[in-house]
Amino acid sequence: VSSRIIQPAQIIFYDNDRGIHLYRRGSRGFDRLWSKSLNIIKENVELNNAKNISKSDLEGLTATFSSRLVYNFEPSMPLMFMTGTSVFEDITFEGAVFLWDEELVYVIFVGEENFLLPLGRTEDLQRVLLPVLDNPHKLLPPAIELALPRDEDNKDGVKNEAGEGDEKEADDIGIAPGDGGDIKDSNEQQLSWEIETRGEIFVPEGEIRVAEVRLKEEKIDREQLVRAFFIDLSLARLIEERDGALYYTDGEKGLRIYPSGLVEFSFPRLDRNLGNISYSLVLQKGAESLSLYGGWPSGAYLEEAENRGRGRGYRLLWGTNHKGLAFEGEQIGCEMEINNQGVLFYRRNIYLAEEDIPGEMPFRPYEEALYQVISLNEQYFKENTPVLLALEPVYYIPPAEKVEKAIPAWSVHFQGMEKKYLHWVTLDPL
């Protein structure tokens, strides 16, 4: 059960000869790697053999080995969830690094403290840990020199990457291959930028071909949902609101179910009785609440866990994805606030992928997406150094009364700005 509550945000294989291969939640090969490594740890780890190592020792070890498999956790993972023992109940970690030499396989749990543990013989475990090397990525350097030249055929400064074979598909979805979106031609426009990067940002080496996805609303048994929040239905009053929403209340807590399928619940009184609750217990109760209040969505994972401070519990956000690309947008997923008294806020707005819409096209190169965001906010970046915090391909769900599809998009996050979403082919802001 704990492996469903928190999954790695990324699994990354590094090899001196075979390069970098990255696997996101929901992508091909991810589930196998996660379940196999979890089983290896639970079956082989002996915590009394744990050795505390410093950050410099950790860096030295990873540089020594020619191959390593890295699991990045965001939010952090309680050690007890991965080892199956409560010996280190209060310890969490942000990463697990598998290393192997000719004789032994090791794992390092990376967090405020780093623990090195031997797992077993290489000949027994290496084959299980090795991924299928079919997802090559590269790590962006600390500084990127972004310069997109203009020419007479392409005055927007954005290279046309769509091939002739894409032209018909582009016409089918109402766009032109290589369309530069909203990038404007101006003699004063700056064409060269130096971008700083923060943390590890990976981008695909090859082409990503995707299509828009037709969505369907999550089907929840309304009566069962209401009974989960109000044990005694005779105490709950039903109000039909003008916008078509159904509102249930007993005077202390309220549940609103919208025609779109959006569910909102609040129990403000629980926020007055403050008390401490452990992170691992919050995660367990949060997972139980997600299952109780509408059921566990297919492919759901914990995306965020924020400590609200002063004994007020945590805010949890659960997300879903399609073929390894996360669904993102306003109020998408399942958000809850939970403390030692229970769930005081719950919002659920989950969409399921029904089918790909004809019109598969490749993502425009990431350099063009970065250039587009900068050019659309040029004055800001003339006054502030561009610092890139995150960059990844996603599915964007636009706000609408009736949502019908998710659109592939570059998600670009610069320091000092909200995330920007750009159409995967036109680079138009979404």
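Start with the second largest cavity, which holds about 30 Å³ of space. The model you have open is predicted.

**Stop 1: the second largest cavity**

Select L79, I91, T92, F93, F109, V110, G111, E113 and F115. These residues line the second largest cavity. Now colour them by class. You should find 6 nonpolar, 2 polar and 1 charged. Next, show the strands. Which strands each supply at least two residues of this lining? They are β5 (92-100) and β6 (104-110).

**Stop 2: the largest cavity**

How many cavities of 30 Å³ or more does the structure hold? There are 2. Move on to the largest cavity, with a volume of about 60 Å³. Select E303, W318, G319, T320, F327 and I332. Add G333, N349, I350, Y351 and I397 to finish the lining of the largest cavity. Colour by class again. This lining has 6 nonpolar, 4 polar and 1 charged residues.

**Stop 3: S37**

Leave the cavities and select helix α2, residues 30-44. Pick out S37 within helix α2. Is S37 buried or exposed? S37 counts as buried because its relative accessibility is 0%, and the cut-off for buried is under 20%.

Now show Y71 beside S37. A polar contact of 3.1 Å joins their side chains. Then add F98 and L129 to the view. Setting aside neighbours within four places in sequence, S37 is in contact with Y71, F98 and L129. Keep Y71 selected for a last look: Y71 is on the contact list of S37, and the side chains of Y71 and S37 share the polar contact.

Terms used: Residues numbered from 1 in each chain as written. Predicted model: local features only at pLDDT ≥ 70, side-chain atom pairs only at ≥ 80, totals over all residues. Heavy atoms only, no water. 1 Å grid on protein atoms, 1.4 Å probe; cavity = no way out; pocket = protein on both sides within 12 Å on 5 of 7 lines; lining within 4 Å. Points joined across faces, edges and corners; volume = space filled by probe spheres on them. Nonpolar A, V, L, I, M, F, W, Y, C, P; charged D, E, K, R; others polar. Helix = DSSP H or I, 4+ residues; strand = E, 2+ residues; numbered from the N terminus. Buried < 20%, exposed > 50% of the residue type's maximum accessible area, 1.4 Å probe, protein only. Polar contact = N/O pair within 3.5 Å; in protein donor to acceptor, adjacent residues only side chain to side chain. Contact = heavy atoms within 4.5 Å.
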